[in-house]
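Reader: Could you walk me through this one and show how each label is earned?

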Amino acid sequence: MGINHFIIALISLTCLFSFSASTNAPLPLSDASSPTSSKLHDMIEVMFESPSPFAFDGTTLESIDDVLSILPGSVDPALQKICGNTDHPVECIKATMPFLDEKTPIEPLSILKAGIEAMDNQTKDALAEVTKLSMDPTTPKNAVPILQKCIDVYNNILNSDQKSLEAISNHNLFQLSIELGANMENVLGCDNAFKQAKLESPIKKMDAMLAKIVSNTLTIGVDMVHF
């Protein structure tokens with residue numbers, strides 16, 4: 001099994017164990033509160049930094065079978081298949097799993113809705129951060145107009161998210177593709193503004209994760225959803 005598929009399965013297991021120990025409320029994307037979830041997250045960090053096979057906690061892990069022997073569980077093959085057809089399968093699984101429950105059918109439309117919810121949450125977190133920075137008196141003056149640009153970008157994404165959900169309710173694929181495409185353009189605005197000003201973005205990591213979620217929702221919405 002390739003390294004990407006190995007990481008996908010690990011991420012899936014992380015989310016699965018986190019979900020089973022939680023309430024129905026959505027979890028943060030980086031939630032790892034339980035001991036089992038924490039251990040899996042540690043494995044994932046190692047995998048991102050090391051080639052396969054790799055050693056973890058004194059054990060050499062060469063395949064997903066080795067992981068299952070330590071932490072047995074099942075990963076929904078339908079979710080793996082859907083996310084495996086996106087450009088960022090790891091982030092697809094990690095982002096959508098907290099918004100899926102036992103009654104949710106694992107199909108492109110439900111994964112798209114979960115992706116939009118994840119996008120909405122990530123955007124609100126980024127919006128809160130740039131708003132705080134824009135009001136901080138220690139923030140460099142030349143960064144404030146860029147942060148305002150970012151605020152506009154994130155508000156545009158939130159607006160498109162709502163329009164995307166409306167398009168889904170109305171079974172309007174044309175409008176859905178327009179809104180998801182607009183988000184793909186919007187999400188680049190903040191980081192590009194910092195690059196043009198030759199400044200380091202203070203929310204670079206948040207933007208990178210958001211861009212991957214946006215890309216995945218566009219792929220699922222345009223290529224996989226059919227009304």
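Author: Here is a short back-and-forth about a predicted model.

Reader: What does the chain look like overall?

Author: The chain has 9 helices and 2 strands, and along the sequence they run α-α-β-β-α-α-α-α-α-α-α. Of its 227 residues, 44% are buried. Among contacts with a separation of 6 or more, 70% are between residues 24 or more positions apart.

Reader: How do you know how confident the predictor is in this chain?

Author: From pLDDT: the chain's mean is 78, and 67% of its residues reach 70 or more. Over residues 11-37 the pLDDT is below 50, and that stretch has 48 contacts in the model beyond near neighbours in sequence. Residues 44-52 also have a pLDDT below 50, with 16 such contacts.

Reader: Why is I146 called buried or exposed?

Author: The cut-off for buried is under 20% relative accessible area. I146 has 9% relative accessibility, so I146 counts as buried. This residue sits in helix α7, which covers residues 144-169.

Reader: What is I146 in contact with, leaving aside its neighbours within four places in sequence?

Author: With those set aside, I146 is in contact with A193, F194, A197 and L199. As for distance along the chain, I146 and Q196 are 50 residues apart, yet their C-alpha atoms are separated by 9.9 Å.

Reader: Why is H171 called buried or exposed?

Author: Exposed needs over 50%. H171 has a relative accessible area of 55%, so H171 is exposed. You'll find H171 in the loop between α7 and α8.

Reader: And why is K198 called buried or exposed?

Author: K198 comes to 78% relative accessibility, and with the cut-off at over 50% it therefore counts as exposed. K198 lies in the loop between α8 and α9.

Reader: What makes the backbone of H171 and K198 worth a look?

Author: The sign of phi. For H171, phi is near 55°, a positive value in a residue other than glycine. K198 isn't a glycine either, and its phi is positive at about 55°.

Reader: Which residues of α4 are buried?

Author: In α4, residues 77-84, the buried ones are L79, I82 and C83.

Reader: How do you know whether the buried residues of α4 line one face of the helix or not?

Author: Look down the axis of α4: its buried residues fall within an arc of 90°, so they line one face of the helix. The face turned away from that buried side carries the exposed residues P77 and K81. The cover over the buried residues of α4 includes α5 (89-96), α6 (108-135) and α9 (204-223).

Reader: What makes D76 a cap for α4?

Author: A side-chain oxygen of D76 lies 2.8 Å from the backbone nitrogen of A78, at the N-terminal end of α4. The limit for a polar contact between N or O atoms is 3.5 Å, so 2.8 Å is within it.

Reader: How many cavities of 30 Å³ or more are there?

Author: The count comes to 2 cavities. The second largest has a volume of about 50 Å³, so it clears the 30 Å³ cut-off.

Reader: Which elements give two or more residues to the lining of the second largest cavity?

Author: Those elements are α5, α6 and α9. The lining includes E91, C92, I111, L112, I213 and N216.

How values were computed. Residues numbered from 1 in each chain as written. Predicted model: local features only at pLDDT ≥ 70, side-chain atom pairs only at ≥ 80, totals over all residues. Heavy atoms only, no water. Buried < 20%, exposed > 50% of the residue type's maximum accessible area, 1.4 Å probe, protein only. Helix = DSSP H or I, 4+ residues; strand = E, 2+ residues; numbered from the N terminus. Arc of directions from axis to C-beta. Contact = heavy atoms within 4.5 Å. Polar contact = N/O pair within 3.5 Å; in protein donor to acceptor, adjacent residues only side chain to side chain. pLDDT = per-residue confidence, 0-100. 1 Å grid on protein atoms, 1.4 Å probe; cavity = no way out; pocket = protein on both sides within 12 Å on 5 of 7 lines; lining within 4 Å.
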